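Ready for some practice in reading a protein model? Work through each task yourself before you look at its solution.

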Amino acid sequence: KEIGVSAFANCSSLYKVVFNEGLETIGEQAFFNCIRMGYIDIPSTITTVGKDSFSFSTTGIELVIRTNEFFGGLYKAFSSSLIDCKTNNRLYVLADLKEQYSSSSYKTKFAEFYTIDELDVTGDRYSSCKKF
């Protein structure tokens, strides 16, 4: 249910993180300075993400947010990472939340936005994905 403070900090070989449903909390700096991080899939059960949880330097990030509600402050967990790599950042959100994400602070952090309907059988890509 929880990933602790600095649990995977400085893990230089970590590229992809797909969290299981049931995860509720990601502690501060849990993935701090994971310089290769490129793909993060946030489950629908997440309620708390600590400051600088995903603070790193990379060439871009694919962020999948599967929550049914707008997760307004999640981008703060990324520190300056999203600004540094904006042109390569992609955000995937449930189709019902398209308007909220496209008119929020996320617009300044991501170059590309996609709506998703459901997971496909591989568990890390969506069967229905539309750019908006």
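## Warm-up: the whole chain

Of the 132 residues in the protein, 45% are buried, where buried means under 20% relative accessible area, exposed over 50%, and partly exposed in between (1.4 Å probe, protein chains only). This is a predicted model, in which local features need pLDDT of at least 70 and side-chain atom pairs count only at pLDDT 80 or more, while totals for chains, interfaces and linings use all residues. Residues are numbered from 1 along each chain as its sequence is written, and side-chain values use heavy atoms, with hydrogens and water left out.

## Exercise 1: the elements

Task: Find how many helices and strands the protein has, and the order in which they run.

Solution:
- Start with the count: there are two helices and nine strands. Helices (H or I, at least four residues) and strands (E, at least two) are DSSP runs, numbered from the N terminus.
- Next, follow the chain from the N terminus, and you read β-β-β-β-β-β-α-β-α-β-β.

## Exercise 2: an open sheet

Task: Work out which strands stand at the edges of the sheet β1-β3-β5.

Solution:
- Write down the order first: three strands form an open sheet, β1-β3-β5, with parallel pairing.
- Now look for partners: β1 (2-3) and β5 (48-49) each have a single partner strand, so they stand at the edges, and one side of each has no neighbour in the sheet.
- Check one pair: β1 and β3 are joined in the parallel sense over two bridges; strands pair if DSSP finds at least two bridges between them.
- As a detail, Ile3 has Ile26 in β3 as its bridge partner.

## Exercise 3: two cysteines

Task: Explain why Cys11 and Cys34 are not bonded.

Solution:
- Recall the idea: a disulfide is a covalent bond between the sulfur atoms of two cysteines. The cut-off here is a pair of cysteine sulfur atoms within 2.5 Å.
- Compare the distance: the cysteine sulfur closest to that of Cys11 is in Cys34, 5.5 Å away, which is too far for a bond.
- The structure holds zero disulfides.
- Finally, check exposure: Cys11 is partly exposed at 26% relative accessible area, whereas Cys34 is buried at 0%.

## Exercise 4: around Asn33

Task: Describe where Asn33 lies and what its side chain meets.

Solution:
- Place Asn33 in the loop between β3 (25-26) and β4 (39-42).
- Asn33 is partly exposed, with a relative accessible area of 33%.
- List its contacts (heavy atoms within 4.5 Å): leaving aside neighbours within four places in sequence, Asn33 touches Asn10, Cys11, Ser55 and Phe56.

- Look at the side chains: those of Asn33 and Asn10 make a polar contact (2.9 Å). Such a contact is a pair of N or O atoms within 3.5 Å; within protein, one must be able to donate a hydrogen and the other to accept it, and residues adjacent in sequence count only if both atoms are side-chain atoms.
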